[in-house]
Amino acid sequence: MSQSTTDNIAYNPHRIFFTGFMGCGKTTWGRKLAAHLGYDFIDLDHALEEKAGMRIAEYFSSFGEDAFRKLESAMLKEIDYPEKVIVSTGGGLPCFFDNMDWMNAHGKTLYVKLSPKTLADRLENSKTVRPVLQGKKGDELVEFITGKLAEREGFYMQAQYIIEGISLSVETLEAALYK
(Lines give C-alpha, C1' and ligand atoms only; values in the text may rest on other atoms or scores of the structure.)
Protein backbone atom coordinates (compact mmCIF):
# COMPACT_ATOMS: atom_id res chain seq x y z
CA MET A 1 0.00 0.00 0.00
CA SER A 2 1.32 3.38 -0.85
CA GLN A 3 1.22 6.22 1.61
CA SER A 4 -0.42 9.61 1.29
CA THR A 5 -0.85 12.52 3.66
CA THR A 6 -4.10 12.95 5.52
CA ASP A 7 -4.62 16.37 3.89
CA ASN A 8 -5.12 14.69 0.52
CA ILE A 9 -7.91 12.36 1.65
CA ALA A 10 -11.36 13.76 0.98
CA TYR A 11 -14.73 12.39 2.06
CA ASN A 12 -15.73 9.42 -0.06
CA PRO A 13 -19.12 7.69 0.35
CA HIS A 14 -17.58 4.52 -1.12
CA ARG A 15 -15.03 4.30 1.73
CA ILE A 16 -16.77 2.41 4.51
CA PHE A 17 -15.25 1.85 7.96
CA PHE A 18 -16.60 -1.07 10.01
CA THR A 19 -16.26 -0.48 13.77
CA GLY A 20 -17.27 -2.45 16.84
CA PHE A 21 -16.01 -4.69 19.59
CA MET A 22 -13.73 -7.65 18.88
CA GLY A 23 -15.75 -10.63 17.72
CA CYS A 24 -18.67 -8.61 16.34
CA GLY A 25 -17.93 -9.64 12.75
CA LYS A 26 -16.24 -6.55 11.27
CA THR A 27 -13.79 -8.54 9.16
CA THR A 28 -16.23 -11.30 8.20
CA TRP A 29 -19.03 -8.94 7.16
CA GLY A 30 -16.62 -6.40 5.67
CA ARG A 31 -15.18 -9.07 3.38
CA LYS A 32 -18.64 -10.33 2.41
CA LEU A 33 -19.98 -6.85 1.66
CA ALA A 34 -16.84 -5.90 -0.28
CA ALA A 35 -17.17 -9.04 -2.43
CA HIS A 36 -20.88 -8.36 -2.96
CA LEU A 37 -20.32 -4.73 -4.00
CA GLY A 38 -17.12 -5.36 -5.96
CA TYR A 39 -15.15 -3.20 -3.51
CA ASP A 40 -11.62 -3.71 -2.21
CA PHE A 41 -11.26 -4.84 1.41
CA ILE A 42 -8.65 -3.76 3.96
CA ASP A 43 -8.30 -5.19 7.45
CA LEU A 44 -6.37 -2.48 9.33
CA ASP A 45 -5.12 -4.99 11.92
CA HIS A 46 -3.57 -7.11 9.16
CA ALA A 47 -2.11 -4.01 7.45
CA LEU A 48 -0.60 -2.93 10.78
CA GLU A 49 0.94 -6.36 11.38
CA GLU A 50 2.43 -6.29 7.89
CA LYS A 51 3.92 -2.83 8.43
CA ALA A 52 5.23 -3.67 11.93
CA GLY A 53 6.54 -7.07 10.87
CA MET A 54 4.95 -8.75 13.89
CA ARG A 55 1.62 -9.77 15.38
CA ILE A 56 -0.32 -7.11 17.29
CA ALA A 57 0.09 -9.04 20.56
CA GLU A 58 3.88 -9.01 20.07
CA TYR A 59 3.86 -5.29 19.25
CA PHE A 60 1.79 -4.61 22.40
CA SER A 61 4.17 -6.54 24.65
CA SER A 62 7.31 -5.10 23.01
CA PHE A 63 6.32 -1.43 22.77
CA GLY A 64 3.19 -0.97 24.92
CA GLU A 65 -0.34 0.15 24.20
CA ASP A 66 0.51 3.83 23.72
CA ALA A 67 2.94 3.08 20.87
CA PHE A 68 0.45 0.63 19.37
CA ARG A 69 -2.39 3.18 19.41
CA LYS A 70 -0.16 5.80 17.75
CA LEU A 71 0.87 3.37 15.01
CA GLU A 72 -2.75 2.25 14.55
CA SER A 73 -3.94 5.87 14.18
CA ALA A 74 -1.14 6.64 11.71
CA MET A 75 -2.06 3.56 9.65
CA LEU A 76 -5.71 4.65 9.52
CA LYS A 77 -4.83 8.11 8.28
CA GLU A 78 -1.92 7.33 5.94
CA ILE A 79 -3.17 4.42 3.84
CA ASP A 80 -3.76 5.26 0.21
CA TYR A 81 -7.28 3.87 0.07
CA PRO A 82 -8.75 2.49 -3.16
CA GLU A 83 -11.73 4.44 -4.56
CA LYS A 84 -14.25 1.83 -3.36
CA VAL A 85 -13.21 0.07 -0.16
CA ILE A 86 -14.53 -1.54 2.99
CA VAL A 87 -12.16 -1.13 5.95
CA SER A 88 -12.31 -3.31 9.06
CA THR A 89 -10.87 -1.44 12.04
CA GLY A 90 -9.48 -2.75 15.31
CA GLY A 91 -11.97 -2.79 18.18
CA GLY A 92 -10.21 -0.02 20.09
CA LEU A 93 -9.28 2.21 17.14
CA PRO A 94 -12.39 4.46 17.27
CA CYS A 95 -11.74 5.21 20.95
CA PHE A 96 -8.36 6.94 20.64
CA PHE A 97 -7.19 10.33 19.40
CA ASP A 98 -9.56 11.79 16.80
CA ASN A 99 -9.92 8.49 14.91
CA MET A 100 -13.74 8.33 14.98
CA ASP A 101 -14.07 11.95 13.86
CA TRP A 102 -11.50 11.30 11.12
CA MET A 103 -13.38 8.25 9.82
CA ASN A 104 -16.69 10.13 9.84
CA ALA A 105 -15.08 12.98 7.88
CA HIS A 106 -13.51 10.68 5.28
CA GLY A 107 -16.13 8.02 4.64
CA LYS A 108 -19.12 6.18 6.01
CA THR A 109 -18.86 4.57 9.44
CA LEU A 110 -20.82 1.54 10.55
CA TYR A 111 -21.00 0.10 14.07
CA VAL A 112 -21.75 -3.64 14.22
CA LYS A 113 -23.51 -3.83 17.60
CA LEU A 114 -23.86 -7.00 19.67
CA SER A 115 -24.69 -7.70 23.32
CA PRO A 116 -21.88 -8.57 25.76
CA LYS A 117 -23.29 -12.12 26.11
CA THR A 118 -23.31 -12.70 22.33
CA LEU A 119 -19.79 -11.29 22.02
CA ALA A 120 -18.60 -13.51 24.87
CA ASP A 121 -20.13 -16.61 23.25
CA ARG A 122 -18.41 -15.80 19.95
CA LEU A 123 -15.06 -14.95 21.52
CA GLU A 124 -15.03 -18.02 23.76
CA ASN A 125 -15.46 -20.23 20.68
CA SER A 126 -13.11 -18.24 18.44
CA LYS A 127 -9.95 -19.78 17.03
CA THR A 128 -8.27 -16.36 17.05
CA VAL A 129 -5.91 -15.81 19.98
CA ARG A 130 -6.76 -12.60 21.82
CA PRO A 131 -4.23 -11.96 24.61
CA VAL A 132 -6.47 -9.48 26.44
CA LEU A 133 -9.04 -12.26 26.94
CA GLN A 134 -6.54 -14.90 28.08
CA GLY A 135 -8.02 -17.12 30.78
CA LYS A 136 -11.42 -15.37 30.82
CA LYS A 137 -14.49 -17.57 30.33
CA GLY A 138 -18.18 -17.57 31.12
CA ASP A 139 -19.42 -14.86 33.48
CA GLU A 140 -15.93 -13.38 33.90
CA LEU A 141 -15.68 -12.86 30.13
CA VAL A 142 -19.18 -11.32 29.96
CA GLU A 143 -18.26 -8.94 32.82
CA PHE A 144 -15.00 -7.98 31.10
CA ILE A 145 -16.79 -7.26 27.81
CA THR A 146 -19.58 -5.35 29.58
CA GLY A 147 -16.96 -3.08 31.20
CA LYS A 148 -15.03 -2.53 27.98
CA LEU A 149 -18.23 -1.81 26.03
CA ALA A 150 -19.23 0.75 28.66
CA GLU A 151 -15.91 2.53 27.98
CA ARG A 152 -16.13 2.26 24.20
CA GLU A 153 -19.77 2.49 23.24
CA GLY A 154 -19.82 6.30 23.34
CA PHE A 155 -17.28 6.24 20.52
CA TYR A 156 -18.97 3.41 18.59
CA MET A 157 -22.32 5.23 18.76
CA GLN A 158 -20.79 8.14 16.82
CA ALA A 159 -20.90 5.93 13.72
CA GLN A 160 -23.25 7.13 10.99
CA TYR A 161 -24.88 3.67 10.78
CA ILE A 162 -25.59 1.39 13.73
CA ILE A 163 -26.46 -2.16 12.74
CA GLU A 164 -27.59 -4.95 15.05
CA GLY A 165 -25.08 -7.71 14.33
CA ILE A 166 -27.18 -10.66 15.44
CA SER A 167 -29.04 -11.30 12.18
CA LEU A 168 -26.87 -9.56 9.63
CA SER A 169 -26.89 -10.22 5.93
CA VAL A 170 -25.09 -8.59 3.03
CA GLU A 171 -28.45 -7.29 1.84
CA THR A 172 -29.17 -5.70 5.24
CA LEU A 173 -25.79 -3.98 5.23
CA GLU A 174 -26.17 -2.76 1.65
CA ALA A 175 -29.68 -1.44 2.33
CA ALA A 176 -28.52 0.41 5.46
CA LEU A 177 -25.55 2.03 3.72
CA TYR A 178 -27.22 2.86 0.40
CA LYS A 179 -30.85 3.72 1.22
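In β3, the residue that I16 bridges to is I86. That pair is a handy way into the fold, which is a predicted model: local features need pLDDT of at least 70, side-chain atom pairs count only at pLDDT 80 or more, and totals for chains, interfaces and linings use all residues. Residues are numbered from 1 along each chain as its sequence is written, and side-chain values use heavy atoms, with hydrogens and water left out.

**The sheet**

I16 belongs to strand β1 (residues 15–19), which pairs with β3 (residues 85–88) in the parallel sense over 4 bridges. Two strands count as paired if DSSP finds at least two bridges between them. Strands (E, at least two residues) and helices (H or I, at least four) are DSSP runs, numbered from the N terminus.

Zoom out and there are 5 strands in an open sheet, ordered β2-β3-β1-β4-β5, with parallel pairing. The edges are β2 (40–43) and β5 (161–164), each of which pairs on one side only. On average, neighbouring strands are turned by 20 degrees against each other, ignoring direction.

On its other pairing, β3 meets β2, again in the parallel sense and over 4 bridges. Here D40 stands opposite V85 of β3. In a regular strand the side chains alternate between the two faces of the sheet. In β3, V85 and V87 point one way while I86 and S88 point the other, and all of them are buried. Buried means under 20% relative accessible area, exposed means over 50%, and partly exposed is in between (1.4 Å probe, protein chains only).

**Helices on the sheet**

Helix α1 (residues 26–37) lies across β1, β2 and β3, and runs at about 165 degrees to β2. Over β1, β4 (108–113) and β5 you find α8 (residues 170–177), running at about 160 degrees to β5. Axes here are lines fitted to C-alpha atoms (for helices, over the stretch in contact), and angles run from 0 to 180 degrees between N-to-C directions.

How do α1 and α8 sit relative to each other, roughly parallel or roughly perpendicular? Their axes come within 10 Å and cross at roughly 75 degrees, so the two helices are roughly perpendicular. (Under 35 degrees counts as roughly parallel, over 145 as roughly antiparallel, 65 to 115 as roughly perpendicular and the rest as oblique.) From α1, the contact uses W29, K32, L33, H36 and L37, and from α8 it uses V170, L173, E174 and L177. Contact means heavy atoms within 4.5 Å.

**Annotated sites and the pocket**

UniProt, in an unreviewed entry, lists G23, C24, G25, K26, T27, T28 and R130 under "binding site". The lining of the largest pocket includes G23, C24, G25, K26, T27, T28 and R130. The unreviewed entry also lists D45, R69, G91 and R152 under "binding site", and the same pocket's lining takes in D45, R69, G91 and R152. UniProt positions use the numbering here, feature names are shortened, and annotations may be inferred rather than shown by experiment. As for the pocket itself, on a 1 Å grid over the protein atoms alone it is an open set of points where a 1.4 Å probe fits, with protein on both sides within 12 Å along at least five of seven lines; lining residues have an atom within 4 Å of a point.

G23 sits in the loop between β1 and α1. Beyond its neighbours within four places in sequence, G23 is in contact with L114, L119, R122, L123 and R130. R130 itself is in the loop between α6 (116–124) and α7 (138–156).

Here are some residues side by side, with contacts that leave out neighbours up to four places away in sequence.

| Residue | Location | Relative accessibility | Contacts |
|---|---|---|---|
| R130 | loop between α6 and α7 | 25%, partly exposed | M22, G23, L123 |
| D45 | α2 (residues 44–52) | 25%, partly exposed | I56, E72, S88, G90 |
| R152 | α7 | 12%, buried | F21, R69, G91, G92, C95 |
| E49 | α2 | 15%, buried | M54, R55, I56 |

Among the contacts of R152 are R69 and G91, both of which appear with R152 in the UniProt list. In helix α2, D45 is partly exposed because its relative accessibility is 25%, while E49 is buried at 15%. D45 touches I56, and E49 touches I56 too. D45 also reaches S88, one of the buried residues of β3.
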